[in-house]
Amino acid sequence: MNIHEHQAKALLVKYGVKILDGYVAFSPEEAIEVAKKIKTTIKVVKAQIHAGGRGKAGGVKLAKNEADVEKYAREIFGKTLVTHQTGPEGRVVKRLYIESGCNIKKEYYLSAVVDRATSSVVFVASAEGGVDIEEVSENHPEKIKKISVNPACGFFATHARTLGFEIGLNAVQVKEFAKVVEAIYKFCIEKDASQVEINPLVETEEGEFIVLDAKVGFDTNALFRHKDILELRDLNEEEALEIEASKYDLSYVKMDGNIGCMVNGAGLAMATMDIIKLYGKEPANFLDVGGGATQEKVTAAFKIILSDPAVKGILVNIFGGIMRCDIIANGIIAAAKEIGIKVPLVVRLEGTNVELGKKIISESGLAIVAASDLEDAAKKITTLVG
């Protein structure tokens, strides 16, 4: 789950990082009023959406006076921002963040991400922070420095000091930089953050390191431990179908293809999408019903898949371990009868109670195409969709 910049900063400041004075506004009029609370002459008007690249898309403006604040607030609020992270449809700006200015000496990049491969928190830093960090990463990878922190051993001062020196900081700068790194690590562990991106982390003329922008994402599976974080969820920033899926504890991500996928297990789901692409088509979604799905969840999954008008066919790929194939079969039949599936449907079942599941489907009288394995399933659904 992602949150807005102003929410991320409000959380991080509790861990000791320095931020600038700022206020959120939900209308241009409110933006004009909160701007009066900021003492600096220079103020920054920022669009609040769950995506990077706001500055390049015209969502961040430097206001030199209150008249500029009003002008930019009215210009940005309600605007559809299209960035490299939003896709061509963009995101509508429904809240603003008005922040004070500061004397920037240099911009840095700093992030922390959970690395599933090593089961560690990896810090990434660069002395080339700012709006062009993607270009720096692609064209000058040697300027991107990384260091891993094993949670079993914990965080040590040497982690932050090593990272600071590697990006060219001197001893005085490293002392301040290390405070930010340690705070972010503590935040990640205590709040189950899957990613924290600070871009830029600025060094001021006064020698302070200030978080100028923050993007934070949390492990959805851990939100039951953080009711306060869950309250920060902004449904306006999420796909309607993804919101509906979350009500049934389904992992759903809408994609751009026309073959709907219903799978149990993230790895199997990705393999299913890959083989669909291998046979020349595109998946319409990622949908993981989980290891203990009920008939109700399976029926809900079908409804969600078919709510996407782009779907021209459905591939069900289930490997039954905890999940029983007969439950999946009953769910498929219940959904087909309830909502009337009018697109081609290919089902591949393996695992627990597989023969019973196949029997239930074959005796249903419905136009369901059985597949012997994943390759057979991919061939059949891509052929049927045409």
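These legends go with a set of close-up views of a predicted model.

**View 1. The largest nonpolar core, centred on its best-connected members.** This core has 42 residues, and Leu110, Phe123 and Phe177 touch the most other members. Helix α6, spanning residues 171-191, chips in ten residues, the most of any contributor. Take a look around Leu110: leaving aside residues up to four places away in sequence, Leu110 touches a list that includes Phe123, Val124, Ala125 and Leu163. Also among the contacts of Leu110 are Phe177, Val180, Val181 and Ile184, along with Val196, Glu197, Ile198 and Leu201.

**View 2. A second core, separate from the one around Leu110.** This one has 34 residues. Among them are Ala300, Ala336, Ile360 and Ile361, which make handy landmarks when you go looking for this core.

**View 3. Phe123 meets Phe155 edge-to-face.** The structure holds six aromatic pairs, and this is one of them: the ring centres are 6.5 Å apart, with 65 degrees between the planes. Phe123 sits in strand β8 (residues 120-126), while Phe155 is in the loop between β9 (145-149) and α5 (157-166), so the pair ties together parts that are 32 residues apart in sequence. Are these two rings buried or exposed? Phe123 is buried, because its relative accessible area is 0%. Phe155 has 18%, and since buried means under 20%, Phe155 counts as buried too.

**View 4. Phe187 and Phe218, with Tyr15 joining in.** Phe187 and Phe218 make another edge-to-face pair, at 6.1 Å centre to centre and 65 degrees between the planes. Phe187 belongs to helix α6 and Phe218 to strand β12 (residues 214-218), so this pair links parts that are 31 residues apart in sequence. Both Phe187 and Phe218 are buried. Add Tyr15 to these two and you have one aromatic cluster.

**View 5. Two lysines, each over a tyrosine ring.** The charged end of Lys37 sits over the ring of Tyr23, 5.0 Å from the ring centre. Lys106 does likewise with Tyr108: its charged end sits over that ring, 5.5 Å from the centre.

**View 6. The largest pocket and what lines it.** The volume of this pocket comes to about 1200 Å³. Which residues lie nearest its centre? Of the 24 residues in the lining, they are Met1, Thr220, Leu250, Ser251 and Tyr252. As for secondary structure, α8 (240-247), β13 (251-254) and β15 (285-288) are the elements that give two or more residues to the lining.

**View 7. A cis peptide bond at Asn199 and Pro200.** Most peptide bonds are trans. The one that joins Asn199 to Pro200 is cis, with omega at about 10 degrees. To find the spot, follow strand β10 (residues 193-204), where Pro200 is located.

**View 8. Ser119 and Asp249, two non-glycine residues with positive phi.** Most residues other than glycine have a negative phi. Ser119 has a phi near 55 degrees and lies in the loop between β7 (104-115) and β8. Asp249 comes in at about 60 degrees, and its loop runs between α8 and β13. How do the two fare for accessibility, buried or exposed? Exposed means over 50%, so Ser119, at 53% relative accessibility, counts as exposed. Asp249, at 60%, is exposed as well.

Conventions:
Residues numbered from 1 in each chain as written. Predicted model: local features only at pLDDT ≥ 70, side-chain atom pairs only at ≥ 80, totals over all residues. Heavy atoms only, no water. Core = buried A, V, L, I, M, F, W, Y, C linked by side-chain atoms within 4.5 Å. Buried < 20%, exposed > 50% of the residue type's maximum accessible area, 1.4 Å probe, protein only. Helix = DSSP H or I, 4+ residues; strand = E, 2+ residues; numbered from the N terminus. Contact = heavy atoms within 4.5 Å. Phe/Tyr/Trp six-rings, centres within 6.5 Å; stacked < 30°, edge-to-face > 60°. Lys NZ or Arg CZ within 6 Å of the ring centre and 35° of its normal. 1 Å grid on protein atoms, 1.4 Å probe; cavity = no way out; pocket = protein on both sides within 12 Å on 5 of 7 lines; lining within 4 Å. Points joined across faces, edges and corners; volume = space filled by probe spheres on them.
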